[in-house]
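Subject: Structure handover

Hello,

Here is the structure I promised to pass on. My notes follow below it.

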Amino acid sequence: MSLTVDTTSDDFRFYKTLNEDVQLKADSFNRFDIQFDNYDYVNVTGNESLYNAIIIAIMTRFQELSSNQLYDGFGCRVHELIKANQSPMVIYKIELFITEVLENMRRIKDVNWITVTEAEDGKYNVEFNVTSISDDMVNGSVLL
């Protein structure tokens, strides 16, 4: 069984290099989860698929999937900072770790910018802008 795909959409027709994925959506606590419609996955393509892939890469701990050789080196080291006190050095490391993840993604041509700011309750807001291999810009943010 495969996901239903809107083969007439511009994202599917013109951005196949960005692949397809199941849709992720953040809840009020900024925890991402798979979206369902009539008990089935919601499929996304194009730039939305790239955004999902970025969120998955950032939210996966570095080497968490290393038991599968296809995912050797996959994930983000930002989780190493989970108990670190807020400081300019931690902000710098978050930016560095996320930049590394984005630069290693095949679907991303350029990382244009990343901004990390302190948020409430010891969390960080990360905003980014990347250029995909199809020359489209994708903006996104994640709360860590």
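I start with one residue, F128, which lies in strand β8. Please keep in mind that this is a predicted model.

**F128 and its ring partner**

Is F128 buried or exposed? Its relative accessible area is 0%, and the cut-off for buried is under 20%, so F128 is buried. I114 sits 14 residues away from F128 in sequence, yet the two C-alpha atoms are 4.3 Å apart in space.

The search for aromatic pairs gave a count of 1. That pair is Y51 with F128: the ring centres are 6.3 Å apart and the planes make an angle of 25°, so it counts as stacked. Where do the two rings come from? Y51 belongs to helix α2 and F128 to strand β8, so the pair ties together parts that are 77 residues apart in sequence.

**The strands around it**

β8 as a whole is mostly covered, with 8 of its 9 residues buried. It pairs with β7 in the antiparallel sense, over 9 bridges. One of the bridge partners is V130 in β8, which is matched with V111. β7 and β8 form a hairpin, and 5 residues lie between the two strands. In that turn, D121 has a positive phi of about 60°.

β8 also pairs with β9. This pairing is antiparallel too, over 7 bridges. Here E127 has S141 of β9 as its bridge partner.

Which residues of β9 are on the covered face, and which on the uncovered one? V138, G140 and V142 make up the covered face. M137, N139, S141 and L143 make up the uncovered one. Behind this is a general rule: in a regular strand the side chains alternate between the two faces of the sheet.

**The core**

How many residues does the largest nonpolar core have? The number is 27. I54, I94, I98, L102, M105 and V130 have the most contacts inside it. At least two residues of this core come from each of α2 (46–59), α3 (88–103), β7 (108–118), β8 (124–132) and β9 (137–143). α3 gives the largest share, 7 residues. V130, then, turns up twice: among the residues with the most core contacts, and as the bridge partner of V111.

**The pocket**

Rolling a probe the size of a water molecule over the atoms shows where empty space is left. The largest pocket has a volume of about 660 Å³. Its lining has 23 residues. Nearest its centre are Y71, F74, N104, M105 and R106. M105 is also one of the residues with the most contacts inside the largest nonpolar core.

What is the lining made of? It divides into 12 nonpolar, 5 polar and 6 charged residues. α2 and α3 each supply at least two of the lining residues.

F74 is worth a closer look. It lies in the loop between α2 and α3. Its relative accessibility is 25%, between the cut-offs of 20% and 50%, so F74 counts as partly exposed. F74 and E64 are 10 residues apart in sequence, with their C-alpha atoms 7.6 Å apart in space.

**The whole chain**

The chain has 144 residues, and buried residues make up 33% of them. Its secondary structure comes to 3 helices and 9 strands. Along the sequence the pattern reads α-β-β-β-β-β-β-α-α-β-β-β.

Best regards

Definitions and conventions:
Residues numbered from 1 in each chain as written. Predicted model: local features only at pLDDT ≥ 70, side-chain atom pairs only at ≥ 80, totals over all residues. Heavy atoms only, no water. Core = buried A, V, L, I, M, F, W, Y, C linked by side-chain atoms within 4.5 Å. Buried < 20%, exposed > 50% of the residue type's maximum accessible area, 1.4 Å probe, protein only. Helix = DSSP H or I, 4+ residues; strand = E, 2+ residues; numbered from the N terminus. Phe/Tyr/Trp six-rings, centres within 6.5 Å; stacked < 30°, edge-to-face > 60°. 1 Å grid on protein atoms, 1.4 Å probe; cavity = no way out; pocket = protein on both sides within 12 Å on 5 of 7 lines; lining within 4 Å. Points joined across faces, edges and corners; volume = space filled by probe spheres on them. Nonpolar A, V, L, I, M, F, W, Y, C, P; charged D, E, K, R; others polar. Pairing = 2+ DSSP bridges.
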